[in-house]
Amino acid sequence: MAMLLRKVWESVSTRSGLHLEMSPSDRRRFEGSSSLGEFDQIPMDILIQILKLAGPNSTAKMGMVCKSWRSLVSDNSLWIFFLQNQLEPWDSVLFGETKLASGYPLETFSSQLTPLSFMKIYRKRAEAPGTVIIDGGSGYCKFGWSKYSCPSGRSATFLEFGNIESPMYPRLRHFFATIYSRMRVKTSFHPVVVSLPICHYDDTESAKASRQQLKEAIHSVLFDMNVPSVCAVNQATLALYAARKTSGIVVNVGFQVTSIVPILHGKVMRKVGVEVVGLGALKLTGYLRELMQQNNIQFESMYTVRALKENLCYVAEDYEAELSKDTQASFEAAGEGWFTLSKERFQTGEILFRPRMAGVRAMGLHEAVVLCMDHCHAAELTCDDSWFKTVVLSGGSSCLPGLAERLQKEVYGLLPSSMANGIRVIPPPYGADTAWFGARLISNLSTFPERWCITKKQFRKKSKLNLIF
C-alpha cells in the first residue's frame with residue numbers, strides 16, 4: 001500500500017509539472033487523456049480506498065492531473081467519506097446541505113435539479129471562516145467556536161429578555177465585549193451567530209415593535225464593534241434544526257417560563273399562537289429547595305440544590321405508582337458532601353404537569369402542548385397536519401430523564417386518536433447545549449455566511465431587510 005501511495009504522489013507531481021509547462025493546445029490534448037497511467041490495471045474500488053487513505057487535500061490535487069483522475073476524484077461516495085470523518089455527524093451534514101443551504105427563508109420545496117456535489121460542499125465547508133457562536137439563553141449563555149465540538153465557555157446571561165428598557169445598548173455592548181475577551185478573538189475577524197430566546201410572544205403591534213427594538217440593538221452593538229457579519233436566530237428554531245427538523249413544536253424550558261413554540265419551515269408561527277407556562281428552571285429548583293427544607297435536608301447554597309436537580313431528579317411516567325416505590329439515590333455535592341433524596345427526585349419535575357403542587361395557577365405542560373396543536377390544526381396552514389406532530393424539547397431543565405416519554409404519554413391521552421397518531425416527543429438532541437449545536441450546524445454550512453448573515457451595509461438598509469428572528 002505504501003508503494004501504491006508513493007506512485008500516486010509520483011504521478012501527481014510528474015503530471016502536475018507537465019501540466020504547468022504545456023502549451024494551451026498540448027494541455028487540451030493531455031486533459032482529454034482517459035488513462036490513469038500505472039493505475040489503469042487497479043480495480044476502481046481499490047483506487048477509491050487509496051484516495052481515502054491519501055486524504056481530502058491530496059485527493060483534490062490528484063483531480064488536477066487529467067480528466068480520468070478528475071472523474072475518479074469527484075466520486076460523491078469519496079467525499080461523503082471525508083465529510084463523515086468531520087466533527088459534525090453525517091446526518092446533520094446531509095440535513096443542513098439539503099434543507100438549510102438555501103438560507104432564510106427556507107425553501108418549502110426541493111429546487112435541486114442536479115445531484116449535490118459533495119466535493120464542492122466539502123471544499124466550501126473547509127473554506128468557511130471560523131464563526132463565533134453566542135447562545136444567549138434566558139439563564140446561562142454558552143459561547144464558543146463553530147469548528148469545535150462543544151461550547152468553550154459559559155456565563156450568566158446578559159439581559160432580562162422580557163424587559164428591554166434603556167439603557168439596553170451599553171448592557172449589550174458590555175456583554176458582547178466580555179464574551180469576545182474571554183474567547184480572546186478580535187471582533188473584526190469572524191462572523192457571529194447569536195441565539196436568543198423567543199420573547200414578546202404575541203403577534204400584536206407592540207410585541208412586534210419590542211422584538212424589532214431588541215433586534216436592532218443587538219445588530220447595532222455588534223456592527224459598532226466591527227463584527228463583519230451577523231446571523232441572529234431565535235433559540236427555539238435552532239433547537240429544531242439541531243433535531244434535524246425545519247417544522248414542529250419546540251418546548252423550551254427556560255429560566256423563568258416554558259414556551260411552546262410552533263415553527264413551520266423555520267418560521268415561528270406567532271399568528272397561530274405561542275403558549276407560555278409560568279414555570280421554568282428557577283421554579284423547579286425553588287420547589288426542590290422547599291421539599292428539602294420540609295424534610296430537614298440541610299444545604300448551604302442554591303448551587304447545591306441545582307446540582308441535585310440536575311443529577312438526581314427525573315420525571316415519573318406514572319406519578320401515583322412512583323409514590324409507592326423505593327426511589328432513594330445519593331449524590332456528592334462539591335464542598336457539601338453527600339445528599340440522599342427520595343420522593344423529591346420525581347416530585348420536582350411533576351410540577352410541570354401539576355403546577356398547583358408548587359402553588360402556580362397555570363395549565364400543565366401537556367395541556368399547553370395540546371392547546372398549541374389544536375391551534376395549529378385549526379389554522380390549516382398546510383394540507384398535511386404532520387408538520388406539528390414533532391415536538392422537540394430544549395433548555396437545561398428539559399433534560400430531566402423521563403420528561404419526553406411522560407409528555408408524549410400525556411399528550412396522547414388528551415388528543416383524539418386520529419390527531420394523536422404520529423406524534424413524537426424528542427428529548428434535547430444535545431442536552432442543555434441544543435440551541436448552540438443548532439447554531440453550529442448553520443455556521444458550518446457550505447453557504448455560510450453569505451446565505452445566512454447580514455453585513456453592516458445591509459443592516460443600514462433595514463427598510464429593505466427582513467431580519468431573521
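**Notes on the predicted model: Thr131, the cores and H19**

1. Starting with Thr131: its relative accessibility is 0%, so it counts as buried. Keep in mind that this is a predicted model. The residue sits in the loop that links helix H8 (118-127) to strand S1 (132-136).

2. What is around Thr131? Leaving out residues up to four places away in sequence, its contacts are Gly144, Trp145, Ser146, Pro191, Val192, Val193, Ser443 and Phe448. There's also a polar partner for the side chain: one of its polar atoms is 3.3 Å from the backbone oxygen of Pro129.

3. Ser443, one of those contacts, belongs to helix H19 (residues 434-443), where 10 of the 10 residues are buried, so the helix is largely enclosed by the rest of the structure. Buried residues there include Trp436, Phe437 and Arg440. They pack against helix H7 (90-100), S1, strand S2 (140-145), strand S4 (192-196), strand S5 (229-234) and helix H11 (235-242).

4. On to the largest nonpolar core, which has 50 residues; Ile260, Met292, Met373 and Leu407 touch the most other members. Helix H16 (residues 365-379) is the top contributor, giving 7 residues. Domain 3 (245-279 + 362-431) and domain 4 (281-358) both supply residues, so this core lies between them.

5. Met373 is worth a look on screen. Not counting residues up to four places away in sequence, it touches Ile249, Phe388, Val391, Val411, Leu415, Met419 and Ile423. Don't merge everything into one core, though: a second, separate one has 28 residues, among them Met168, Val194, Cys199 and Phe459.

Note on methods:
Residues are numbered from 1 along each chain as its sequence is written. This is a predicted model: local features need pLDDT of at least 70, side-chain atom pairs count only at pLDDT 80 or more; totals for chains, interfaces and linings use all residues. Side-chain values use heavy atoms; hydrogens and water are left out. Helices (H or I, at least four residues) and strands (E, at least two) are DSSP runs, numbered from the N terminus. Buried means under 20% relative accessible area, exposed over 50%, partly exposed in between (1.4 Å probe, protein chains only). A polar contact is a pair of N or O atoms within 3.5 Å; within protein, one must be able to donate a hydrogen and the other to accept it, and residues adjacent in sequence count only if both atoms are side-chain atoms. Contact means heavy atoms within 4.5 Å. A nonpolar core is a set of buried Ala, Val, Leu, Ile, Met, Phe, Trp, Tyr and Cys residues joined through side-chain atoms within 4.5 Å. Domain bounds come from an automatic or database domain assignment.
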